[in-house]
Amino acid sequence: MKNFTSVKDVSDIKYLINKGLEFKKNPLKNAYQGKNKTLCMLFMNPSLRTRLSTQKAAYNLGMNVININLNSDSWKLEMEDGTIMNFDTQEHIKDAIKVISTYCDIISIRSFPELKNRSIDGEDKILKSFLKYADIPVISLESNTLHPLQSLTDMMILTEMKTIRKPKVVLTWAPHPKAVPQVVANSFAEWTNEMDVDFVITHPKGFELDEQFMHNATIEYNQDKALENADFVYVKSWTSTENYGQVSDLHSDWTITKEKMKLTDNAYVMHCLPVRRNVEVTDEVLDHPSSLIYHQVKLREFAAQAVLSEILTNGNN
Ligand code: CP
């Protein structure tokens, strides 16, 4: 694996999931694999879990880590090619990426969609610039379209926690006071479609996710019906597609509550966090023993470790 930006970069998903689960058993089993190698972590947006888990994963492999908040720690970047840079941008992204490639061995980047224009967000220009100009492997820490480290983690959870051969996995939209990206939901769909599960996505009309990631998923507009006999309920809010980037009516009847969970087959509850408690999901569901939210947090470390280890092994082939 040279880069890690989507499930499409992974030739053997099962192998990568199992590699992550092996690191969970023994985090320091390859403690010197990354000795004298440097991971650069670039953030254009806030992060708690991705920042902590990826840095910890790199340390588990003996790597050095350089962490940069691109908007505050470095020069203001110009993203467009061919621009006459006589306004406020100070360094072209092409030059910045070449500089980072000089000092580091793996580059990782988090960007965030602007939530103004769905098709412009879908172009994922920042990640594509990194793939175009980097001389070293690139890892997405979440892009304008996908969040592969979160999704690999979620697939590790489905693999580890399933009690039947083909569980029913429900991705449900949830209310949120802000317009939030479709990224995690699209990414979860992209990866879940590679798993041997019965996959149902439920959301109000007008919140349709990106067709290219839906494959065989069943779309069910009735949330109660979707939740029936579910084994896993993945809760996530995302912005309306019809009114992209705008705050929608709260649809408070879509909040995942203890009563809604009674429709399921004692399902586990998942959420990538951060979560708006008592808006997306109630406290009693999030704090119930069937909630996997902190288990997801822990496995983020080993998902990142599996990816880093694979790239350290094969990234320059
Ligand atoms: N789930 C997730 O990616 O969290 P952060 O945005 O805090 O990294």
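Which atom of the ligand is 2.8 Å from an N or O atom in the side chain of Arg110? In this predicted model, the atom concerned is an oxygen of the ligand.

## Polar contacts of the ligand

Besides the approach of the Arg110 side chain to a ligand oxygen at 2.8 Å, two further residues place polar side-chain atoms by the ligand. His147 has a polar side-chain atom 2.8 Å from an oxygen atom of the ligand. For Gln150, an N or O atom of the side chain is 3.1 Å from a nitrogen atom of the ligand.

The ligand on its own would expose 260 Å², and the protein buries 92% of that area.

## Composition of the ligand shell

Around the ligand stand Ser47, Leu48, Arg49, Thr50, Arg110, His147, Gln150, Cys272, Leu273 and Arg300. By class, this shell comprises three nonpolar, four polar and three charged residues. Arg110, a member of the shell, is thus named again here as the residue whose side chain has an N or O atom 2.8 Å from a ligand oxygen.

## Placement between domains and in a pocket

Two domains contribute to the shell around the ligand: domain 1 (7–147 + 300–314) and domain 2 (149–296) each supply at least three residues. As for the surface openings of the protein, the ligand occupies the second largest pocket.

## Enclosed space

The structure also holds one cavity of 30 Å³ or more. The largest cavity contains about 60 Å³ of space.

Its lining is formed by Trp173, His176, Lys178, Ala179, Val180, Ser237, Trp238, Thr239, Ser240, Gln246, Val247 and Ser248. These lining residues of the largest cavity divide into five nonpolar, six polar and one charged.

Note on methods:
Residues numbered from 1 in each chain as written. Predicted model: local features only at pLDDT ≥ 70, side-chain atom pairs only at ≥ 80, totals over all residues. Heavy atoms only, no water. Near = heavy atom within 4 Å. Polar contact = N/O pair within 3.5 Å; in protein donor to acceptor, adjacent residues only side chain to side chain. Areas by Shrake-Rupley, 256 points an atom, 1.4 Å probe, with all protein chains shown as cover. 1 Å grid on protein atoms, 1.4 Å probe; cavity = no way out; pocket = protein on both sides within 12 Å on 5 of 7 lines; lining within 4 Å. Sits in = over half its atoms within 2 Å of the grid points. Nonpolar A, V, L, I, M, F, W, Y, C, P; charged D, E, K, R; others polar. Domains from an automatic or database assignment. Points joined across faces, edges and corners; volume = space filled by probe spheres on them.
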